[in-house]
Amino acid sequence: MLGGMRHVHWFSLVASVIGIVVSRPLVAGERAVEGEDPFAVIAPLIGEWQGTAQGEPGTGTARRSYARALGDRFIHVRNESTYPPQEKNPKGEKHQDEGFISFDRSRKTLVFRQFHTEGFVNQYVQQPGSPPQRIVFESESIENIPAGWRARETYLITGADTFSETFELAEPGKEFMIYSRSRFTRVR
């Protein structure tokens, strides 16, 4: 009888610990475990956003959305940045890109595939070791650009309804340089 009670107590303890581990949010760069939401680290961005963009193309506005898609197996990302004509960019510019963030089960990490109106296709992989509010994606391949270029997107969640993004590029053999910074506020 005593052995059976110990077994029940042990089972309750293990079940409680598993419940705590499975229900906690995933830390940026941490690998998802079976049963956890692999998108927990990016989930705070689900919604629609608007903001400002500043960088190489000048100063402009940005709209962004993140939504679960295709049976919650992906995060669909849509982005539009508009830079009106200005001294730094006399013709102005409208940039659009769309992408999908997936969870690569074999590597146990997030992969972000991004398609740009200019014809670039960036495939990023989430970088490990960041604090929970900082998500870093570095390119592992870029289509339709000379070999050796790299890109990095860093999201910093600054509040429940705010985040910033830094987009960086690196020419072959050189360090990353900031191309643009955007700040977003949740619309819904």
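Where in the chain is the place of Leu45? In this predicted model, Leu45 belongs to the loop between α1 (2-23) and β1 (47-55), and the views below take up its surroundings along with other parts of the structure.

**View 1. Leu45 and its contacts in the predicted model.** Leu45, in the loop between α1 and β1, counts as buried because its relative accessibility is 0%, against a cut-off of under 20%. Leaving out residues up to four places away in sequence, Leu45 touches Tyr66, Tyr155, Ile157 and Phe163. With Tyr155 the separation along the sequence is 110 residues, while the C-alpha atoms of Leu45 and Tyr155 are 9.5 Å apart in space.

**View 2. The largest nonpolar core, with Ile101 and its contacts.** The core has 22 residues, of which Ile42, Leu45, Tyr66, Ile101, Phe137, Tyr155 and Phe163 touch the most other members. Two or more residues of this core come from each of β2 (58-69), β3 (74-83), β5 (109-116), β7 (134-143), β8 (150-159) and β9 (162-170). When residues up to four places away in sequence are not counted, Ile101 touches Phe39, Ile42, Arg73, Phe74, Ile75, Val77, Leu110, Val111, Phe112 and Phe137. In soluble globular proteins, nonpolar side chains tend to be buried together.

**View 3. The barrel of 10 strands.** The strands close in the order β1-β2-β3-β4-β5-β6-β7-β8-β9-β10, with antiparallel pairing. Between neighbouring strands of this sheet the turn is 25 degrees on average, direction ignored.

**View 4. The pairing of β4 with β5.** Strand β4, comprising residues 93-104, runs antiparallel to β5 and is joined to β5 by eight bridges. Within this pairing, Gly99 stands opposite Gln114 of β5. Strands of a sheet pair through backbone hydrogen bonds, either parallel or antiparallel.

**View 5. Ser81 in strand β3.** Ser81 has a relative accessibility of 7% and therefore counts as buried, the cut-off being under 20%. Apart from neighbours within four places in sequence, Ser81 is in contact with Thr61, Ala62, Glu93, Lys94 and His95.

**View 6. The largest pocket and its lining.** The space in the largest pocket comes to about 480 Å³. Its lining is made up of 30 residues, and the closest of these to the pocket centre are His95, Asp97, His116, Phe167 and Tyr179. At least two residues of the lining are supplied by each of β2, β3, β4, β5, β8, β9 and β10 (177-186). His95, one of the residues closest to the centre, is also among the contacts of Ser81 shown in the preceding view.

Conventions: Residues numbered from 1 in each chain as written. Predicted model: local features only at pLDDT ≥ 70, side-chain atom pairs only at ≥ 80, totals over all residues. Heavy atoms only, no water. Core = buried A, V, L, I, M, F, W, Y, C linked by side-chain atoms within 4.5 Å. Buried < 20%, exposed > 50% of the residue type's maximum accessible area, 1.4 Å probe, protein only. Helix = DSSP H or I, 4+ residues; strand = E, 2+ residues; numbered from the N terminus. Contact = heavy atoms within 4.5 Å. Pairing = 2+ DSSP bridges. Axes fitted to C-alpha atoms, helices over the stretch in contact; angles between N-to-C directions. 1 Å grid on protein atoms, 1.4 Å probe; cavity = no way out; pocket = protein on both sides within 12 Å on 5 of 7 lines; lining within 4 Å. Points joined across faces, edges and corners; volume = space filled by probe spheres on them.
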